[in-house]
Amino acid sequence: MASTPERSAQDDIKIFFDRAADSLGLSPGVRRMFCEPWRELRASLPIRMDDGRVEVFIGYRVQHNAARGPYKGGLRFHLNANQDEVRALATLMTWKTALLDLPFGGAKGGIQVAPQELSEAELNRLTRRYTQSVQHLLGTHRDVMAPDMGTNAQTMAWVMDAYGQAHGYEPAIVTGKPVEIGGSLGREAATGRGAMFVLQEAAADLGIDLRRARVVLQGFGNVGSWFARIAYEEGAQIIAVADHVGGVYNGDGLDIPELADYAQHHGTVDGFSAAEPLAAADIFDIECDVLVPAAIENVITEEIARRIKTKVVLEAANHPTTPEGDAVLGERRVPVLPDLLVNAGGVTVSYFEWTQNLQQFHWSEEKVNDELRQRMVRAYEAVASVSSRDRITHREAAFTIGIERVAKAAMLRGFV
Ligand code: NAD
């Protein structure tokens, strides 16, 4: 999570945290405990590159809080994956798992690397070196990893294998792994599907007919492309999509299965012929019913928030809206469905995968999707109800619910 020039990513999260902490009346000591991660590790990761050189990468694992259960959080490969960003993302995981009422705490890992510049063999060696460095912090009842930006099911398979070499067969040590080695059906699509479940519930409250809704999407990776596929199947018109290279627009609705096929072969949506080209930077200028940031953080700034023309923002990415952007959207009365809730489908199905692994038992995809829907709907209802009861935004309500649950668990366990 790149910080704004003036503040770190952790400072940004703290602005939202403080508002919820004020409304909950948290004591200064408890606030301080929640603002400091429980444990952090920084590791130097030397690996041999394919050309024989030794390259050294820097990796992190931050364990923020485990009052409600084992640490849970993704592993990100990105050049911005510095200690501050990983810390902020670990903190968000604590509130997110609590909001979804999952028996987990919050953690995050990252390696500062541009994964597209490494070969498959180099990525394999880097993932193994990282796992060796952090393995003493991991455990199926201690800290469980999952994929995030720049990592995927294959990365998790390497983590599982490297961990297993030291500790024996433990498939529950990672989630989001390939189905053939214990991954859960439905996990790959879970974050996009969960976002769609939240949108369906909110659309009913906001009076938006999703079968006619025009959707604009930034990001067409795991989250964005699955969200698009599911929204398309439900009849929504995805009229514009942008990624890190470029964008495409079709006022009659893009053919999402064809676009997904194109993006898989070309690594971008840019150049897709059944659409007009669009500069990536113009994605937020297109009028729509639902705007979905599903790429990176800090993209809805104060300036962008003044320009966007949508009935609702569905935050599928983590921290896509700066606090200033959030304030402008609030002034303009544009409803924002917050990341803490919207993208929690991934960690929810990760929880299902973990439980299946611990029991050595498999659920059908139908059961996974049905249980996911129930969890997402319950969380949305809790957020909507606190939001209308306390006359606060959905984001403030999501933070309040998550923080209150963690504070309660910490107190019951006698942390403080
Ligand atoms: P991904 O790496 O699969 O895809 C990222 C997408 O964003 C790609 O289409 C890429 O081209 C695009 N992108 C990158 N930089 C961009 C830029 N500057 N402008 C426009 N587009 C850009 O990542 P993902 O797993 O889909 O994750 C996307 C977001 O969702 C991240 O914020 C991640 O933390 C969050 N998230 C992911 C999961 C999950 O299960 N994968 C779960 C929860 C939250």
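Me: What makes the side chain of Asp148 a polar contact of the ligand?
Reply: In this predicted model, an N or O atom in the Asp148 side chain is 3.2 Å from an oxygen atom of the ligand. A polar contact is a pair of N or O atoms within 3.5 Å, so the Asp148 pair qualifies. Residues are numbered from 1 along each chain as its sequence is written. Local features need pLDDT of at least 70 and side-chain atom pairs pLDDT 80 or more, totals for chains, interfaces and linings use all residues, and side-chain values use heavy atoms, without hydrogens and water.

Me: How do you know that Thr191 and Asn222 have polar atoms by the ligand?
Reply: Happily, the distances tell us. A polar side-chain atom of Thr191 lies 2.7 Å from a ligand oxygen, and a polar backbone atom of Asn222 is 2.9 Å from a ligand oxygen. The protein covers 81% of the 830 Å² of accessible area that the ligand has on its own (Shrake-Rupley method, 1.4 Å probe).

Me: Why is α3 called roughly perpendicular to α14?
Reply: Helix α3 (residues 83–99) and helix α14 (residues 394–412) pack at about 90°, with axes 8 Å apart. Roughly perpendicular means 65 to 115 degrees, so α3 is roughly perpendicular to α14. Their contact (heavy atoms within 4.5 Å) includes Trp95 of α3 and Phe399 of α14.

Me: What makes up the contact of α3 with α14, by class?
Reply: The residues there divide into 9 nonpolar, 2 polar and 1 charged. Ala, Val, Leu, Ile, Met, Phe, Trp, Tyr, Cys and Pro count as nonpolar, Asp, Glu, Lys and Arg as charged, and the others as polar.

How values were computed:
A polar contact is a pair of N or O atoms within 3.5 Å; within protein, one must be able to donate a hydrogen and the other to accept it, and residues adjacent in sequence count only if both atoms are side-chain atoms. Axes are lines fitted to C-alpha atoms, for helices over the stretch in contact, and angles run from 0 to 180 degrees between N-to-C directions. Helices (H or I, at least four residues) and strands (E, at least two) are DSSP runs, numbered from the N terminus. Angles under 35 degrees count as roughly parallel, over 145 as roughly antiparallel, 65 to 115 as roughly perpendicular and the rest as oblique.
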